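Keep the sequence and the 3D view side by side while you read. This report goes through the strands, the domains, a pair of helices and some unusual backbone spots.

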Amino acid sequence: MTRHAMLDAAAADDPLAALELPVEAMSAEALRGRFETEGAVIVRGLLQDARIADLRAALQAMIVAQLRHAGLFPDPAADLDSLFNALCTHDRALGAAVYEAARQTPAFYALATHPWIQDVVRTLLDADLLHVPYDKAMFRIDRAHEPWHEFQWHQDYPYNLMGEPTVTVWAPLTPVTGAMGPLHIVPRSHDRLQRVRLVPKTGPDGLPRSTLTATLADLDEAALDATAVKVCLEPGDVLFFHHLLLHRSGRNASPRARWSLVPRYAALLDPGLVSRGWAIERSPDFALFREMHPDAVAGAED
Ligand SMILES: O=C(O)CCC(=O)C(=O)O
């Protein structure tokens, strides 16, 4: 049996295996096949250079600097999670400051625009030139006991309105185990745009915020939970998924945070993007989505 045949046989009864490709088995055909059929592909071991370590080192230095500024004496050699937990225990707002500023480092940009990530995306989109808006390239630190940061089941398209399709890239900085709330996805769910209900986000105090979230109007979340595939990843592994794939955050129940980068890529010369001068969704109330897809927004009566 060839290596490809063995991978395909393994995929037949394991939904996660159906998405996986070790980097050595990566080919344009295998990448596109998984992305088109499953709506997602995981390339195991794609990122093997120093860029993940560089971003971790930048984060570590930022956290140590904040702890010292607060008059504490951290062990600079302690691991990233111990340092971040110490900072958040001292003052959660300082943890949030690190989270915000992490995206302002060259190490973040270098990883989000990693040439090997770009190569895979070019293959998936069959495009030479790529569009990667800086404000759709997210950085996440998901800790336990902070469920208000979680995304419920959704599709990315209403949030971004980039090219069709857009590829979401999800890459961890540290291992993501089952206890850490790995991303939940539903393979093969990327065949249509789902109707959404635009409802206020809920803050840590349980009260509604001014920004809206696009929740699924017509699908049963418990049924999606029952079919979800949980994507555990090691640093260096990268998940690529279609902008209509249904997915949600897992719940982190571990003392370690889930550190991840989530940039989005489309084809720069996507006809829709060109025709609207590269306008994408940037309003907190989904103004462009409501204008472009009025029928996809469920009203109060639905
Ligand atoms: O990483 C997560 O927990 C969720 C990220 C997500 O769903 C998104 O960015 O669209």
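## Strand β13 and its partners

Threonine 168 stands opposite arginine 264 in β13. The model shown here is a predicted one. Threonine 168 belongs to strand β5, which covers residues 167–172. Strands β5 and β13 are joined by two bridges and pair in the antiparallel sense.

Strand β13 takes in residues 264–267 and also pairs with strand β3, residues 130–131. That pairing is antiparallel too, again over two bridges. Here leucine 130 has alanine 267 of β13 as its bridge partner. In general, the strands of a sheet pair through backbone hydrogen bonds, and they may be parallel or antiparallel.

## Strand β12, between β4 and β5

Now look at strand β12, residues 258–262. Strand β4, residues 138–142, is joined to β12 by five bridges. The two strands run antiparallel. Find methionine 138 and look across: valine 262 in β12 stands opposite.

Strand β5 pairs with β12 as well. Two bridges hold this antiparallel pair. Alanine 171 faces leucine 261 of β12. So β5 has bridges to β12 and to β13.

Why is β12 described as largely enclosed by the rest of the structure? Four of its five residues are buried, so the strand is largely enclosed. A residue counts as buried when 20 or more other C-beta atoms lie within 10 Å of its own.

## A three-stranded open sheet

Three strands make up an open sheet, in the order β9-β6-β11. Their pairing is antiparallel. The edge strands are β9 (229–231) and β11 (247–248). Each has a single partner strand, so one side of each is left without a neighbour in the sheet.

Follow the contact between β6 and β11. Two bridges join these antiparallel strands. Isoleucine 185 stands opposite histidine 247, which is in β11.

## Two domains

How is the protein chain divided? Domain 1 takes residues 3–47 and 127–296, and domain 2 takes residues 48–113. Domain 1 is thus written as two stretches of the chain. The centres of the two domains, taken over C-alpha atoms, are 25 Å apart.

The contact between them uses 15 residues from domain 1 and 17 residues from domain 2. On the domain 1 side, 11 of these residues are nonpolar, three are polar and one is charged.

## Helices α3 and α5

Helix α3 spans residues 51–69, and helix α5 spans residues 92–102. Their axes come within 10 Å of each other. They cross at roughly 145 degrees. The crossing is right-handed.

Which residues meet where α3 touches α5? From α3 come Leu59, Met62, Ile63 and Gln66. From α5 come Leu94, Ala97, Val98, Ala101 and Ala102. By class, the contact has eight nonpolar residues, one polar residue and no charged ones.

## Unusual backbone spots

Most residues other than glycine have a negative phi, and most peptide bonds are trans. Some places in this model depart from that pattern. The peptide bond between glutamate 164 and proline 165 is cis, with omega about 0 degrees. Proline 165 sits in the loop between α8 (157–160) and β5. Leucine 161 is in the loop between α8 and β5 as well. Its phi is positive, near 45 degrees, although leucine 161 is a residue other than glycine. Is leucine 161 buried or exposed? It is buried, because 25 other C-beta atoms lie within 10 Å.

Arginine 188 also has a positive phi, about 70 degrees, and is not a glycine. This arginine lies in the loop between β6 (183–185) and β7 (196–202). Arginine 188 has 14 other C-beta atoms within 10 Å, so it is partly exposed.

## Arginine 195

Arginine 195 is in the loop between β6 and β7. It has 17 C-beta neighbours inside 10 Å, so it counts as partly exposed. Which residues does arginine 195 contact, leaving aside its neighbours within four places in sequence? They are Ala217, Asp218, Ala296 and Ala298.

Compare arginine 195 with glutamine 155. The two are 40 residues apart in sequence. In space, they are 9.9 Å apart, C-alpha to C-alpha.

Definitions and conventions: Residues numbered from 1 in each chain as written. Predicted model: local features only at pLDDT ≥ 70, side-chain atom pairs only at ≥ 80, totals over all residues. Axes fitted to C-alpha atoms, helices over the stretch in contact; angles between N-to-C directions. Left-handed = near helix turned anticlockwise from the far one by under 90°. Contact = placed C-beta atoms within 7 Å. Nonpolar A, V, L, I, M, F, W, Y, C, P; charged D, E, K, R; others polar. Buried ≥ 20, exposed ≤ 12 C-beta atoms within 10 Å, placed from the backbone. Pairing = 2+ DSSP bridges. Domains from an automatic or database assignment.
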